[in-house]
Amino acid sequence: MERGAAEQNRFSDDVFYAHVSEDRNRYQTAAQHAWGTAQLAERFASVFDCGQWGYDVGLIHDIGKWTRGFQKRLHGGPKVDHSSAGTQELLKRKNYPAAYVVAGHHAGLPNGGTSANDADGATLIGRQKKKVEPYAAYEQEITFPEFPKRLEIRLLERRGFSVSFFIRMLFSCLVDADYLDTEAFMKDGQSRRGSGEPIEVLYEKLCRHIEPWRTNADCHTINGRRTMILNACMAAGREFAQGLYTLTVPTGGGKTTASLAFALEQARKHHLQRIIYVIPYTSIIEQNAQVFRDIVGNENVLEHHSGVSYDDPERSEELEYFQLASENWDLPVVVTTNVQFFESFFSNKPSRCRKLHNVAGSVVIFDEVQMLPVSYLKPCVRVIGELVANYHCTAVLCTATQPALGNFLPDGMKTREICPDPEEQFAFFRRTEVEMRGKISEESLIRELLGTEGEKPPRQILCILNSRKRAQHIYERLREECGEVYCLSTLMYPAHRKRVLKQVKEKLRARKTCILISTSLIEAGVDVDFGTVFRELAGQDSVTQAAGRCNREGKRNRQESRTIVFTLEKEEGFAVPRELALPIRAAQQVAETCEDFIGLEAVSEYFRRLYRYKADATDISNIVERFEEGMRTMHFPFADVGEDFHMIEERTKPVLIDTEEAAQGIAERIGYGEYSRALIRQAGMYSVDVFEKDFDAMMGAGLLREIAPGIYVLRDRSLYTEERGLSLKAKRGEAVFC
């Protein structure tokens, strides 16, 4: 049969089919689906030089549809396992990579398993033992493909991680091709998918956007210095080969636009297909995504993370366009989170892995890269290494506080800096003096925050503390004596935090007294400018970020703009969060050895010490070693790792706070059974994420009410105040009935 064989418009008992349309008037043959999927998978895998692998796995993935059992299924019969047949054919040929891919293209990549697994098991060995219906009709239409004899990739370290990564990327190619070919048939070619504009068009839009800035060549001014960094990034993008780069730009240096300029130049030079920004916080994502939309146009930018949903009951064409793009990332600029990016690379689920092949042939920018969790640093860096070594990616590690990742890079891979003379840039952009105060009492801190009675106003002070509980406590004490004090923490729902920040910014702009007590959430992606910053000692990178909120606009005298770093004396009930113990220890040692605590030398020393302390804890689930070990038997733990890899280890549960009218309406709609992703996203704007131990205590005290499966509302609204957010003082037995 030729590749372009047409679909059947009428049903025939002599033909094997893959799909029937919803109106049951059109049929797609199994052969047509195999050819269509193969051609798409070939195109996707060609981006990383493995097109033949993609084509062949597409041809064989559905041979179980050439059975009478599956044909009955199309007409309402019982479910049929149609993937085990292809899996068994591939295992006969010892083609383990393709066998994993075919076995998992609906159910998810399986574990390899052991000889003890029986035919009912979901493992690869279990699939091998399953009884399958004869499918001889397949080879009457399609010749069984002869796969390439070798993998066209560079096998890093002990090869196991590289081979498993290749399997995952090939899996992505097949899954997306399978979905797209099926979608094209079911929608009769009427899909609203789009691919955005070409990279060259985006580059022209960037040039028009930055043209007014580039007239300022005076490197003694802030804008002139930003232009210098921008021009250097563009030149590097044009001249540099693909590889792994660092972009070390101080706060205020314009790294968002400069990194986009580098990426577009690289994409033009090396014919790359997209730019992917990977960012730790949704607050930064929202800001950066808007910057990119302003530069290259809304239709070219996909914002994909848990805080955004394109699902809407009205299903407007624009929302459907972005919803479809979020499935496989086929727009030219994608902005996503660390969690979405890395958890997808370790997931075994088809829906999450579908987009991975579109990361190949891209520029991937890891913004605020120091925020990668230490407990999963090793597997995350190995992902970056694989993308650079084997999948035609340029990767950029972008931050003002560059972590020391050299020891985690595979096979001696090296980084190269893009920013010219980072030391000199940091000296130019420094706007605050850091004062290491040491240990102080809470009383002393409060006195300093309040100041003296005769002090010249206004007092504009930011105080960042290590725990939500301590932040609330200090805030409550200050409120007794000062009316212009505000609190900001994750114990406030997002809409509330935005409201508080708006009030704070208005006070700052009007040069009125404003004291803000906050947790670390304000340190990245929040554009505020205080005259003085107090920062409880944490990791050196956190202190540097805090210093970036002091004299941010450079309008004050640097010597009078102080960032004061302190440690609070221990008090019962205010323990330092466990995850900060080692960062604080490393930071204390850096403070003793480095004269300039926020200088680049101190940053490097801090990360060297931190990673040395946590050498045995940079892969807490032993993920890399498990894949390396799997190479011995080709039994990889895909399903197990998919369960184990969670970038946020301490789990939280959302509690809906319905103190506002809008939140009450959302709670009411959910309570009446309305349950859509769009509505859940709206609920998220009025929800507080509560750690499981606190959640359990609140449940035990009767403070929460379940309005739908997994959706809880705070019963006692008095526990949430406009001033400090949610109180977590609940104890079991303090039941509240209302």
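**Exercise 1: the second largest pocket**

Work out how much space lies in the second largest pocket and which helices help to line it.

*Solution.* Start with the volume: the second largest pocket holds about 900 Å³ of space. A pocket here is an open set of points on a 1 Å grid over the protein atoms alone, where a 1.4 Å probe fits, with protein on both sides within 12 Å along at least five of seven lines; lining residues have an atom within 4 Å of a point. The volume is the space filled by probe spheres set on the points, which are joined across faces, edges and corners.

Before going on, keep in mind that this is a predicted model: local features need pLDDT of at least 70, side-chain atom pairs count only at pLDDT 80 or more, and totals for chains, interfaces and linings use all residues. Residues are numbered from 1 along each chain as its sequence is written, and side-chain values use heavy atoms, with hydrogens and water left out.

Next, the lining: 33 residues, with Gly-252, Gly-254, Lys-255, Thr-256 and Arg-552 nearest the centre. Helices H10 (222-239), H11 (255-270) and H12 (282-296) each give at least two lining residues. Helices are DSSP runs (H or I, at least four residues) and strands are too (E, at least two), numbered from the N terminus. H12 brings the largest share, 6 residues.

**Exercise 2: the sides of helix H22**

Check the span of H22 (residues 581-593), then find where its buried residues sit.

*Solution.* The expected span is 1.5 Å times one less than the number of residues. For the 13 residues of H22 that gives 18 Å, and the end C-alpha atoms are 19 Å apart, which agrees. Now list the buried residues: Pro-583, Ile-584, Ala-586, Ala-587 and Val-590. They cover an arc of only 165 degrees around the axis (taken from the directions from the axis to the C-beta atoms), so they share the same side of H22. Buried means under 20% relative accessible area, exposed over 50% (1.4 Å probe, protein chains only). The face turned away from the buried side carries exposed Glu-592 and Thr-593. Finally, the buried residues pack against H21 (540-547) and H23 (600-613), where contact means heavy atoms within 4.5 Å.

**Exercise 3: Ser-489**

Is Ser-489 buried or exposed, and which residues does Ser-489 touch?

*Solution.* First, place Ser-489 in the loop between strand S12 (485-488) and helix H20 (494-509). Its relative accessibility is 0%, so Ser-489 counts as buried. Leaving out residues up to four places away in sequence, Ser-489 touches Arg-497, Thr-519 and Leu-521.
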